[in-house]
Amino acid sequence: MKKPDLPAGRDFSPTLLDFGPLQIYLARHFGFCYGVENAIEIAFKTVEENPGKRIFLLSEMIHNPQVNADLQSHGVQFMQDTYGQQLIAFDELQKEDVVIIPAFGTTLEIEKKLRDIGIQTEKYNTTCPFVEKVWNRSEAIAKQNYTVVIHGKPKHEETRATFSHASSNAPSVVVKDMNEAKELAKYITGEKPATDFYASFKGQYSKGFDAEKDLQRIGVVNQTTMLASDTQAIADFLKKVMIETFHHADPQERFADTRDTLCYATNDNQTAVSGMLETEAHLAIVVGGYNSSNTSHLVELCEENLPTFFINNEEKILSAKEILHFNFHIKEEVTTNDWLPVKQPLKVLLTSGASCPDALVEGVINKLISFHHSTLTTEQLIEQFQ
Ligand code: SF4
């Protein structure tokens with residue numbers, strides 16, 4: 001996996017929080033993005049504006065257990081889990097109910113279902129503008145007769161929503177990684193017969209997709225939280241395949257330029273991790289929800305360089321000897337002993353995903369300080385910066 005390049009002219013170096021025996025290098029950009037802040041604000045405003053009404057969220061607001069638990073404690077009910085499993089049936093809804101669309105957006109089919117019941121979907125729609133930007137971009141390339149290739153996790157809410165919007169305008173197919181992009185390329189070049197396409201991409205192509213006809217002009221968009229460098233590598237690869245296969249003088253005749261569908265927050269958080277990794281340290285901690293796509297990509301970047309612990313709050317740091325952390329490769333929480341090396345000073349890299357409140361990062365810092373007898377508290381350190 002290629003690390004995002006550090007752009008010239010912007011500072012992506014980490015901030016050093018120097019507690020003496022403990023040195024924490026905090027990523028220059030981390031945590032909440034505009035889309036998440038906006039969604040949380042709208043959700044709490046919805047609760048305030050609708051006393052006595054039943055309020056539903058189509059699925060988790062964002063991939064953060066604390067924020068979601070907070071909303072549930074205010075009476076908000078989730079209709080689906082993150083994998084699209086229905087927890088509350090749509091026919092239990094009444095037109096007086098309030099339904100909030102989460103930051104990832106939703107499919108056109110679900111929007112229609114809600115409208116048919118009489119629920120106004122536009123009123124409490126928290127779809128992030130950066131996700132909408134991807135939809136608009138897919139619509140624009142669809143109008144130019146390109147097939148939309150979506151780089152994303154096929155089951156992720158945002159990818160399902162983008163697929164639904166894209167496939168209402170053009171043939172569409174989801175590729176989850178470079179291996180699938182290479183598989184797709186075999187149907188573009190004719191290395192594999194078009195008839196095999198439907199088994200290879202089962203559940204990932206739009207209705208009526210014609211593998212012979214619909215892979216002649218393509219454009220790539222992405223789930224905004226994928227690793228930007230991975231999307232770029234997939235787009236570059238498919239562009240090369242199109243040029244080599246169709247020998248067209250103008251590459252845009254076969255491949256749409258869609259470079260602007262990356263979300264700034266995901267990009268900045270990923271680039272800041274690259275900047276942070278230039279500092280030598282003993283370990284890295286990444287804070288965020290375990291089912292958060294953007295957070296797991298930050299973990300991937302860190303663990304290529306040094307021991308990395310993915311936790312969703314400071315309570316997972318059981319002691320200076322023991323930590324409970326998420327191994328996203330096997331999707332399980334595991335315990336590691338003697339995780340904190342005895343070094344003076346101990347150097348720790350720290351970042352968090354786009355759906356992680358800053359208070360959780362502060363909690364982790366305080367927990368680490370408590371093991372190191374620092375003479376400074378977080379507050380005193382913050383005062384130094386001010
Ligand atoms: S990560 Fe980007 S696209 Fe996703 S909610 Fe945040 S700002 Fe929007």
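In the predicted model, the buried residues of helix α10 are S293, N294, T295, S296, H297, L298, V299, L301 and C302. Because nine of the eleven residues of this helix, which spans residues 293–303, are buried, α10 is largely enclosed by the rest of the structure. The cover over these buried residues includes helix α9 (264–276) together with the strands β10, β11 and β14.

Three of these covering strands, β10, β11 and β14, also take part in the largest nonpolar core, described next. This core comprises 24 residues, and those with the most contacts inside it are I285, W339, L350 and L368. At least two residues of the core are supplied by each of β2 (22–26), β10 (283–287), β11 (308–311), β14 (346–352) and α11 (358–370). Among the contributors, α11 gives the most, with six residues. The surroundings of I285 can be listed in full: when residues up to four places away in sequence are not counted, I285 touches F309, I311, W339, V348, L349, L350, T351, V364 and L368. Three of the partners of I285, namely W339, L350 and L368, are themselves listed with I285 among the core residues with the most contacts.

Packing between helices was examined for two pairs. Two packed helices are described by the angle between their axes and the distance between the axes. For the pair formed by α6 (residues 178–189) and α8 (residues 228–246), the axes come within 10 Å and cross at roughly 15 degrees. Since this angle is under 35 degrees, α6 is roughly parallel to α8, and the crossing of the two helices is right-handed. On the α6 side the contact is made by M178, A181, K182, L184, A185, I188 and T189, which meet A233, I234, F237, L238, V241, M242, T245 and F246 of α8. By residue type, the contact of α6 with α8 divides into twelve nonpolar residues, two polar and one charged.

The second pair consists of α4 (residues 129–143) and α5 (residues 157–167), whose axes come within 9 Å and cross at roughly 30 degrees. This angle makes α4 roughly parallel to α5, and α4 passes α5 in a right-handed crossing. Here V131, V134, W135 and S138 of α4 meet E158, A161, T162, H165 and A166 of α5. The residues of this contact divide into five nonpolar, three polar and one charged.

Residues of the α4 and α5 contact are also met by a residue from a loop. T106 lies in the loop between β5 (98–100) and α3 (108–117), and T106 is buried, with a relative accessible area of 7%. Leaving aside its neighbours within four places in sequence, T106 is in contact with L58, I101, E111, W135, A161 and H165. Of these partners, W135 belongs to α4, whereas A161 and H165 belong to α5, so that T106 contacts residues from both helices of the pair. A further residue of α5, S164, is likewise buried, with a relative accessible area of 5%. S164 and T107 stand 57 residues apart in sequence, yet their C-alpha atoms are 5.3 Å apart in space. Not counting residues up to four places away in sequence, S164 touches T107, L108 and E109.

Several features of the backbone were also noted. Most residues other than glycine have a negative phi, and most peptide bonds are trans. In this model, however, a cis peptide bond joins Q344 and P345, with omega about -10 degrees, and P345 is found in the loop between β13 (332–337) and β14. That loop between β13 and β14 also holds D338, a residue other than glycine whose phi is positive, near 50 degrees. At 55% relative accessibility, D338 counts as exposed, the threshold for that class being over 50%. A positive phi, near 55 degrees, is found at K331 too, again in a residue other than glycine. K331 lies in the loop between β12 (322–327) and β13, and with 57% relative accessibility K331 counts as exposed.

Methods
Residues are numbered from 1 along each chain as its sequence is written. This is a predicted model: local features need pLDDT of at least 70, side-chain atom pairs count only at pLDDT 80 or more; totals for chains, interfaces and linings use all residues. Side-chain values use heavy atoms; hydrogens and water are left out. Helices (H or I, at least four residues) and strands (E, at least two) are DSSP runs, numbered from the N terminus. Buried means under 20% relative accessible area, exposed over 50%, partly exposed in between (1.4 Å probe, protein chains only). Contact means heavy atoms within 4.5 Å. A nonpolar core is a set of buried Ala, Val, Leu, Ile, Met, Phe, Trp, Tyr and Cys residues joined through side-chain atoms within 4.5 Å. Axes are lines fitted to C-alpha atoms, for helices over the stretch in contact, and angles run from 0 to 180 degrees between N-to-C directions. Angles under 35 degrees count as roughly parallel, over 145 as roughly antiparallel, 65 to 115 as roughly perpendicular and the rest as oblique. A crossing is left-handed if the near helix is turned anticlockwise from the far one by less than a right angle, and right-handed if clockwise. Ala, Val, Leu, Ile, Met, Phe, Trp, Tyr, Cys and Pro count as nonpolar, Asp, Glu, Lys and Arg as charged, and the others, Gly among them, as polar.
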